[in-house]
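Biologist: I'm new to this one, so could you put it up and walk me through it?

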Amino acid sequence: MRNPNEVVHSGYQEGNMDASIKLSNLTQEWFDSLQGWRLQFFFIPATLVTLITFATNPVLLTCIFLSRALRQETRYLLVANTLAADLLFLTLNLATVFCNALGVHIPPTLCQLDMVFIVTAYCCAILTVTVMVADTYAAVRWPLHYRELLPPARTVRILVGLWVVAALYPLSMWIMMETTEGNASAVDTPICLVLISLGFIQATNMVGVHIYFCAAALVCTLLIVYCYVRLYMVTKTQGIWQSRYSRARVTLLAHGVLLLLYFVPGLVFTVELFLFQQDDVSQDARVWINTINMCILMLLPRAFAPCLYGLRYREISDTLVQLLHRRRRLCKVTGA
């Protein structure tokens with residue numbers, strides 16, 4: 001007669017083996033669909049947008065960190081954090097996209113770490129732009145006490161806290177996957193996708209995944225709406241909204257568009273997680289939605305952020321012009 005513990009362990013291994021086979025078959029079908037529809041052509045605009053962002057974000061970060069005045073401003077530290085999170089996200093996203101297109105097998109542990117950093121970078125950018133709205137509200141609502149409320153040292157601590165909060169859930173998921181013996185996600189597959197990794201986690205921890213994404217998005221959205229409504233109520237008597245093309249209206253429109261571009265891909269990804277569990281949804285539909293989201297929608301806010309949150313600030317533009325003039329003078333001196 002078999003020991004009950006041996007029976008349980010045998011059933012556990014069989015379940016893990018079935019999950020591993022399912023994961024391997026799913027990723028192979030995903031790769032075949034990706035190649036069959038020639039979706040690798042979507043990687044061309046993704047590469048161009050990423051390279052353009054790589055050319056602008058480091059310049060803006062250099063302007064902020066080389067200027068002592070900008071480093072002392074909370075809003076510029078928040079801008080710098082957003083740009084840094086975007087750079088990390090774009091680097092990992094582009095590397096993942098290329099590996100998937102070429103069928104490069106990424107080691108399971110490296111794929112899981114890739115998932116952790118991608119989710120962390122994306123969520124940190126969302127949290128930072130949310131804090132930027134709250135920072136604007138605090139500057140307008142309490143202008144005399146603003147410096148006391150958000151000094152640079154406190155802002156740095158807030159930014160560290162944002163990274164910790166953003167990394168908390170994906171890091172805990174990675175630890176859970178690593179400590180679970182024989183986990184299906186440890187299978188070597190031709191495709192490394194955050195959707196597939198979280199999709200398999202969702203099968204056993206659906207409540208946790210949906211709470212993390214949906215609840216966090218709801219809290220950020222409510223905070224942003226509250227701050228903007230209160231800003232309008234506080235400033236409506238000052239006449240800054242009367243002109244159709246006033247600076248306040250243009251600023252609100254620019255920030256609203258950028259916030260929309262940041263949040264929409266996250267909502268699309270949440271829909272992808274839901275469709276991942278639906279057997280009546282075709283594999284081709286999942287592949288198309290995920291490719292468009294990864295190669296276009298998620299890159300749009302990163303492409304517009306340097307213009308709307310960077311060069312639109314006069315101080316950053318002036319610092320950039322000063323750096324260019326200084327470099328030009330040095331070139332003339334060395335050339336002479």
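Modeller: Let us start with one pair of helices: helix 4 passes helix 5 in a left-handed crossing, where left-handed means that the near helix is turned anticlockwise from the far one by less than a right angle, and right-handed that it is turned clockwise. Please keep in mind that this is a predicted model, in which local features need pLDDT of at least 70 and side-chain atom pairs count only at pLDDT 80 or more, while totals for chains, interfaces and linings use all residues. Residues are numbered from 1 along each chain as its sequence is written, and side-chain values use heavy atoms, with hydrogens and water left out.

Biologist: OK, and at what angle do helix 4 and helix 5 pack?

Modeller: The angle is about 155°, and the axes of helix 4 and helix 5 are 9 Å apart; here axes are lines fitted to C-alpha atoms over the stretch in contact, and angles run from 0 to 180 degrees between N-to-C directions. That makes helix 4 roughly antiparallel to helix 5, a label for angles over 145 degrees, with under 35 counted as roughly parallel, 65 to 115 as roughly perpendicular and the rest as oblique.

Biologist: Which residues, by class, does the contact of helix 4 with helix 5 have?

Modeller: The contact of helix 4 with helix 5 has 15 nonpolar, six polar and four charged residues, where Ala, Val, Leu, Ile, Met, Phe, Trp, Tyr, Cys and Pro count as nonpolar, Asp, Glu, Lys and Arg as charged, and the others, Gly among them, as polar.

Biologist: Zooming out, how many helices and strands does the chain have?

Modeller: There are 13 helices and zero strands in the chain, both taken as DSSP runs numbered from the N terminus, with at least four residues of H or I for a helix and at least two of E for a strand. Of the 336 residues in the chain, 42% are buried, which is to say under 20% relative accessible area, with exposed meaning over 50% and partly exposed in between (1.4 Å probe, protein chains only).

Biologist: Back to helix 5, then: how does helix 5 pack with helix 7?

Modeller: Helix 5, which covers residues 108-141, packs with helix 7, residues 152-179, at an angle of about 160°, and their axes are 7 Å apart. Those two helices are therefore roughly antiparallel to each other, and helix 5 passes helix 7 in a right-handed crossing. The residues of that contact divide into 18 nonpolar, four polar and one charged.

Biologist: Anything in helix 5 I should click on?

Modeller: You could pick Ile126, which has its place in helix 5 and is buried at a relative accessible area of 10%. Ile126 and Leu162 are 36 residues apart in sequence, and their C-alpha atoms are 9.8 Å apart in space. Thr130 is also found in helix 5 and counts as buried at 4% relative accessibility, while Thr130 and Leu223 are 93 residues apart in sequence and 7.5 Å apart in space, C-alpha to C-alpha.

Biologist: New topic: how many aromatic pairs does the structure hold?

Modeller: The structure holds five aromatic pairs, meaning rings of Phe, Tyr and Trp (its six-membered ring) with centres within 6.5 Å, where planes under 30 degrees apart count as stacked, over 60 as edge-to-face and the rest as tilted. One of them is the edge-to-face pair of Trp37 and Trp288, at 5.7 Å centre to centre with 75° between the planes.

Biologist: Where do Trp37 and Trp288 lie?

Modeller: Trp37 lies in the loop between helix 1 (4-36) and helix 2 (43-66), and Trp288 in helix 11 (residues 283-297), so the pair ties together parts that are 251 residues apart in sequence. Trp37 is partly exposed, with a relative accessible area of 44%, and Trp288 counts as partly exposed at 29%.

Biologist: And Phe89 with Tyr122, what about the centres and planes of their rings?

Modeller: Their ring centres are 5.7 Å apart and the planes are at 55°, so the pair of Phe89 and Tyr122 is tilted. This pair links distant parts of the chain, with Phe89 in helix 4 (residues 74-102) and Tyr122 in helix 5, 33 residues apart.

Biologist: Are those two buried or exposed?

Modeller: Both Phe89 and Tyr122 are buried. Arg302 lies over the face of Phe89, at 4.4 Å from the ring centre; for this, NZ of Lys or CZ of Arg must be within 6 Å of the ring centre and within 35 degrees of the ring normal.
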